[in-house]
Amino acid sequence: MPSDRLADVLSHAQNDFQRFVMVLVCIHALSGTDMRHLLLTDLDLSRERLIVRRPGKRHIIYLDELTYRCASVWLRERHRRWPVTTNPHLLINRWTAVDTTHSPIGITFTNIFRPTGLTMPTLRQDRIRDEAFEVDDPLHLMRLFGISSQTAMRYITAAHPERTAKLPR
């Protein structure tokens, strides 16, 4: 995502939680489902990585400087606000912090992006599409975003129709 567009989206963040969520979507193209199921143990700041668990596989995100900084700030804020919570999820709010069933956070992600005038799925898709325009390698997309080969090829085909028109279907 172009840095000016990312800066514009991040300027709408009202707190550390929102900033971290925006970075996860705009840089790493995580979905709401991905974020809802992240556990505290999935974030390893010492190794600068985040593990995203998906059905049948896991995707490792290597943290860039901005994501690392936002994750660190969020962890400090999370601990400051709820020092004794037993909820194992990385992203929690005032309700899930005290929820004895350890439920993941709800659908609050939608509200975070409303002030930007864009939706979370749109930003996620734009991020993958921008990368497909820059690099016409489906393996790169698969490694970077943890998407399937079919999904990667759809993005590559859309980004570079002139190169993929002659490929067998």
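**Figure 1. The second largest pocket holds about 150 Å³ of space.** This is a predicted model, in which local features need pLDDT of at least 70, side-chain atom pairs count only at pLDDT 80 or more, and totals for chains, interfaces and linings use all residues. Residues are numbered from 1 along each chain as its sequence is written, and side-chain values use heavy atoms, with hydrogens and water left out. A pocket is an open set of points on a 1 Å grid over the protein atoms alone, where a 1.4 Å probe fits, with protein on both sides within 12 Å along at least five of seven lines. The volume is the space filled by probe spheres set on the points, which are joined across faces, edges and corners.

**Figure 2. Lining of the second largest pocket.** The lining residues (an atom within 4 Å of a point) are Ile27, His28, His59, Ile60, Ile61, Tyr62, Asp64, Arg127, Arg143, Leu144 and Phe145. Strand 3 (57-62) and helix 7 (138-145) each supply at least two of them. Strand 3 gives the largest share, four residues. Helices (H or I, at least four residues) and strands (E, at least two) are DSSP runs, numbered from the N terminus. By class, the lining has six nonpolar, two polar and three charged residues. Here Ala, Val, Leu, Ile, Met, Phe, Trp, Tyr, Cys and Pro count as nonpolar, Asp, Glu, Lys and Arg as charged, and the others, Gly among them, as polar.

**Figure 3. Aromatic pairs around Phe17.** The structure holds three aromatic pairs. Rings of Phe, Tyr and Trp (its six-membered ring) pair if their centres lie within 6.5 Å; planes under 30 degrees apart count as stacked, over 60 as edge-to-face and the rest as tilted. The Phe17 and Trp74 rings have centres 5.2 Å apart and planes at 65°, so this pair is edge-to-face. Phe17 sits in helix 2 (residues 16-26) and Trp74 in helix 4 (residues 65-81), 57 residues apart. Both Phe17 and Trp74 are buried (under 20% relative accessible area, 1.4 Å probe, protein chains only). The Phe17 and Phe109 rings have centres 6.4 Å apart and planes at 10°, so this pair is stacked. Phe17 belongs to helix 2 and Phe109 to helix 5, so the pair ties together parts 92 residues apart in sequence. Phe109 is buried, as is Phe17. Ring pairs link Phe17, Trp74, Trp82 and Phe109 into a cluster.

**Figure 4. Thr110 in helix 5 (residues 109-113).** Thr110 is partly exposed (20% to 50%), with a relative accessible area of 47%. The C-alpha atoms of Thr110 and Pro121 are separated by 9.3 Å. Along the chain, these two residues are 11 residues apart.
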